[in-house]
Every structure is written in C-alpha cells, then in structure tokens.
Amino acid sequence: MKILFILTAACVIASFVKDRKKTKQAFKKAFKKFEKMVPPFFTMIIAISIVLYFLSDEALLKILDNDNRLLSVILASLLGSVSFMPGFITYPLCGLLLQKGVTYTVLSAFTTTLMMVGVLTYPVEKAYFGNRVTIIRNLAGFATALIVALATGLVFGELMQ
Amino acid sequence: MKKNLIIKVIIILLYGCFLAWSFFTDFTPGIKIGKTFSHFLSDMVSIIPCVFILLGLFEVWVKRETVEKHLGEKSSFLSYLWVILLAGTTVGGLYLAFPVAYTIYKKGARLSVIFTYIGASAVCRIPMTTFEASFLGLKFTLVRLLVSIPLIIISSLIMEKFLAGRNFEIKEG
C-alpha cells in the first residue's frame with residue numbers, strides 16, 4: 001500500500017516536472033476512467049458484503065468437509081465462483097479448514113475459483129469488456145480451476161484414497 | 001435503461017437504510033455487512049485513485065508503438081512473460097485488473113495478452129501468493145502456479161482465436 005502511494009506520487013511529480021500540460025491531461029483521463037468504475041464498483045461491494053455475511057467459517061466447514069469427495073470439490077468450486085474475499089480473510093480461513101480435515105483438493109478448487117471466477121466482479125468486468133467476453137473468460141477460468149484442483153489432488157495423493 | 005437505473009437507486013437506498021438501522025439498533029448481521037462494505041469502500045478512496053492516476057499517466061506518456069511492439073500482434077512469446085510479471089504487482093483485487101487490461105488493450109496489446117494478464121492477476125499477485133504459501137504450504141502454491149499459468153496462456157490463445165473468428169472488438173463501454 002505504502003509503495004503504491006510513493007510510486008504514484010513519484011510518477012506524478014516526475015510527469016509534472018517534465019510536462020505540465022500532459023500531466024493535467026493524464027489526470028483528466030484518470031478521472032474519466034474512475035468515474036466509469038464507480039457505479040459497477042458499488043454494485044459489486046454491496047453484493048460482496050451480503051455474500052460474505054452468509055459465508056461464515058462454520059457454514060463453509062459444513063459444506064466443504066463432506067465425505068463425498070466429488071461432491072465437495074464441485075460445491076467448493078461453485079462457492080468459490082460466487083464469492084469474493086480479500087486474501088487476508090481467505091488464507092487464514094483455508095488454514096483453519098485444512099486443520100479441520102478439509103482436503104487440499106477441495107481447498108484448491110475453492111481458492112482457485114475464488115480468484116479466477118468472479119460472479120460478483122461481473123458488473124465491473126462487464127463495464128470494460130462486455131457480456132460475451134466476461135462470460136467466456138469466467139467459463140475458461142472455471143475449467144482451469146477444476147484442472148488445477150485435480151492436479152493438486154494428484155500431487156498430494158488425495159485422489160487415490 | 002431508465003427503469004434499471006431506478007431499480008438500482010432503490011436497492012442502494014434500501015441497503016443504506018438497512019445499514020443505518022442496524023447501527024442504531026445494534027443488529028449484528030447488519031453491522032457485519034456494513035464492516036465489509038466499508039472495508040471495500042476504503043479501497044475506493046485509497047488504492048483505486050492511485051491506480052487510475054498511474055493509468056492516466058501511462059496513457060499520455062507511453063507510445064502506442066511501444067505497447068504494440070512488446071505486447072501486440074507481432075510481439076514474441078516474451079509478451080506473456082511481461083504481462084505475468086506485471087500481473088504479479090496487481091494491487092487490490094481482480095476488479096482492478098480490468099481497467100488496467102482495458103487500457104493496455106486500447107494501446108495496442110493483443111487479446112490473448114490481456115486475457116493472460118487478467119488470469120495471471122487472479123492467480124499470482126505477489127503479496128497474496130506469499131500469504132497463501134504461509135498458510136497452505138509452498139507445495140500447494142507451487143502446484144497451483146505451475147498448473148494454472150500454462151493453462152491461462154493456452155486458454156487465452158483459444159479465446160483470442162474464438163473471438164477473432166467472429167470479428168470481435170471490444171467497444172468503448
């Protein structure tokens with residue numbers, strides 16, 4: 001975070017020293033882009049705040065710690081797709097789930113879809129890339145995540161048990 | 001269009017009222033939801049403006065030819081490496097990768113390169129990856145990265161082909 005502020009300030013100062021007019025132009029462009037991001041961003045964070053409330057630690061453990069392995073991988077990838085969590089919540093939570101007996105395969109399916117598939121980031125992605133690209137990209141992300149989960153299962157020897 | 005806007009405004013108002021009511025009556029679920037909301041809102045006033053200022057500067061200072069040469073149609077396979085490295089520095093969340101990807105696309109980067117950028121920002125942001133390794137082990141993180149990155153590049157190439165065959169172009173949204 002701090003690095004970002006310092007980097008931005010340094011770039012702005014360098015740009016300003018070199019060419020005032022261009023810097024002004026850059027700010028205008030930045031503001032225009034920012035403006036475009038605000039409405040979909042609001043839709044997104046309202047949705048995130050509601051979904052995160054329902055996905056408590058206990059609820060996740062109940063869903064993911066299932067005897068039916070295939071079912072829990074499918075549920076994990078669907079849950080990962082429809083939620084969005086910042087990393088500082090996700091990983092401690094996954095560490096906890098691991099201790100409680102949730103397999104690496106399931107955690108991999110969950111975290112990878114969480115990162116690659118964004119049902120909740122859909123409003124923002126659509127604002128930039130349109131409906132079709134957004135849907136195709138998310139489907140590809142979902143397929144990728146399933147393969148990653150499978151590979152994780154193979155490496156950790158969880159598939160053969 | 002207008003109808004949609006009205007519905008959106010009503011939803012936002014209801015949401016706001018619900019949060020305010022929760023705070024006054026100490027309704028725990030509402031307070032929890034409000035906390036998550038304000039966490040993301042704080043991104044909005046700290047990280048996001050910085051990213052957009054950097055994008056604005058990028059637009060006025062970086063020449064189109066430079067982007068085309070390194071990330072465009074005629075660029076080498078190295079272009080994927082550059083965007084994956086760039087993706088490693090993505091801050092915030094995936095939602096911030098979209099405006100960045102859009103900006104480099106408008107400057108002449110090819111589609112498969114920007115899809116790779118988006119995919120890579122999802123899986124290999126540096127701060128997040130180190131965090132993951134410390135909670136789930138290095139082995140887990142390595143498997144995830146080594147399997148997902150080639151898949152991301154391959155699927156980006158397929159998506160580019162698929163969309164190009166349909167005369168696709170990303171319009172100014």
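**Entry 1: A:S15**

I started with A:S15 and asked whether A:S15 is buried or exposed. I counted 21 other C-beta atoms within 10 Å of A:S15. The cut-off for a buried residue is 20 or more, so A:S15 is buried. This is a predicted model, and I read every value here as computed from it.

I then looked up where A:S15 sits, and found it in helix α1 of chain A, residues 2-18. Which residues does A:S15 contact, leaving aside its neighbours within four places in sequence? In chain A I noted A:K22, A:T23 and A:A26. In chain B I noted B:L57 and B:W61.

I also took one distance from A:S15. A:F110 is 95 residues away from A:S15 in sequence, and their C-alpha atoms are 43 Å apart.

**Entry 2: A:T43**

Next I went to A:T43, which I found in helix α2 of chain A, residues 20-54. Here I counted 18 other C-beta atoms within 10 Å. A buried residue needs 20 or more and an exposed one has 12 or fewer, so A:T43 is partly exposed.

How far apart are the C-alpha atoms of A:T43 and A:L120? I read 8.7 Å for this pair, although 77 residues separate A:T43 from A:L120 along the chain.

**Entry 3: chain A as a whole**

I listed the secondary structure of chain A and got seven helices and zero strands. Read from the N terminus, the order is α-α-α-α-α-α-α.

For the overall dimensions, I took the box around the C-alpha atoms along the principal axes, roughly 65 × 35 × 30 Å. The radius of gyration of chain A is 20 Å, whereas a compact globule of 161 residues would have one near 15 Å.

What share of the 161 residues in chain A is buried? I found 40%. I also looked at contacts with a separation of 6 or more in chain A, and 80% of them join residues 24 or more positions apart.

**Entry 4: chain B as a whole**

I repeated the list for chain B, which has nine helices and zero strands. From the N terminus on, I wrote down α-α-α-α-α-α-α-α-α.

The C-alpha trace of chain B spans about 60 × 50 × 30 Å along its principal axes. I noted a radius of gyration of 20 Å for chain B, against a value near 16 Å for a compact globule of 173 residues. Buried residues are 40% of the 173 in chain B. Of the contacts in chain B with a separation of 6 or more, 70% are between residues 24 or more positions apart.

I checked the confidence too. The average pLDDT of chain B is 89, and 95% of the residues score at least 70. For the complex, the predictor gives an ipTM of 0.89 and a pTM of 0.89.

**Entry 5: B:D26**

I looked at a loop residue next. B:D26 lies between α1 and α2 of chain B. Its phi is near 60 degrees, which is a positive value in a residue other than glycine. I noted for comparison that most residues other than glycine have a negative phi.

Is B:D26 buried or exposed? I counted 8 other C-beta atoms within 10 Å, and 12 or fewer counts as exposed, so B:D26 is exposed.

**Entry 6: α8(B) and α9(B)**

Two packed helices are described by the angle between their axes and the distance between the axes. For α8(B) and α9(B) I read an angle of about 135 degrees and axes 6 Å apart. An angle over 145 degrees would count as roughly antiparallel, and 65 to 115 as roughly perpendicular. The pair fits neither range, so I put α8(B) and α9(B) down as oblique to each other.

Which residues meet here? From α8(B) I listed B:T129, B:E132, B:A133 and B:L136. From α9(B) I listed B:L138, B:F140 and B:T141. Sorted by class, this contact has four nonpolar, two polar and one charged residues.

**Entry 7: chain B against chain A**

Last, I looked up where the two chains touch. I found 52 residues of chain B in contact with 58 residues of chain A. On the chain B side, the elements giving two or more residues include α1 (2-25), α2 (28-45), α3 (47-61) and α9 (138-164). Which element gives the largest share of this side? It is α3(B), with 13 residues. I sorted the chain B side by class and got 40 nonpolar, seven polar and five charged residues.

Key:
Residues are numbered from 1 along each chain as its sequence is written. Chains are lettered from A and ligands numbered from 1 in the order in which they are written. This is a predicted model: local features need pLDDT of at least 70, side-chain atom pairs count only at pLDDT 80 or more; totals for chains, interfaces and linings use all residues. Two residues are in contact if their C-beta atoms, placed from the backbone, lie within 7 Å. Helices (H or I, at least four residues) and strands (E, at least two) are DSSP runs, numbered from the N terminus. Ala, Val, Leu, Ile, Met, Phe, Trp, Tyr, Cys and Pro count as nonpolar, Asp, Glu, Lys and Arg as charged, and the others, Gly among them, as polar. Axes are lines fitted to C-alpha atoms, for helices over the stretch in contact, and angles run from 0 to 180 degrees between N-to-C directions. Angles under 35 degrees count as roughly parallel, over 145 as roughly antiparallel, 65 to 115 as roughly perpendicular and the rest as oblique. pLDDT is the predictor's confidence in each residue, from 0 to 100. The radius of gyration is taken over C-alpha atoms; the globule rule is 2.2 Å times the number of residues to the power 0.38.
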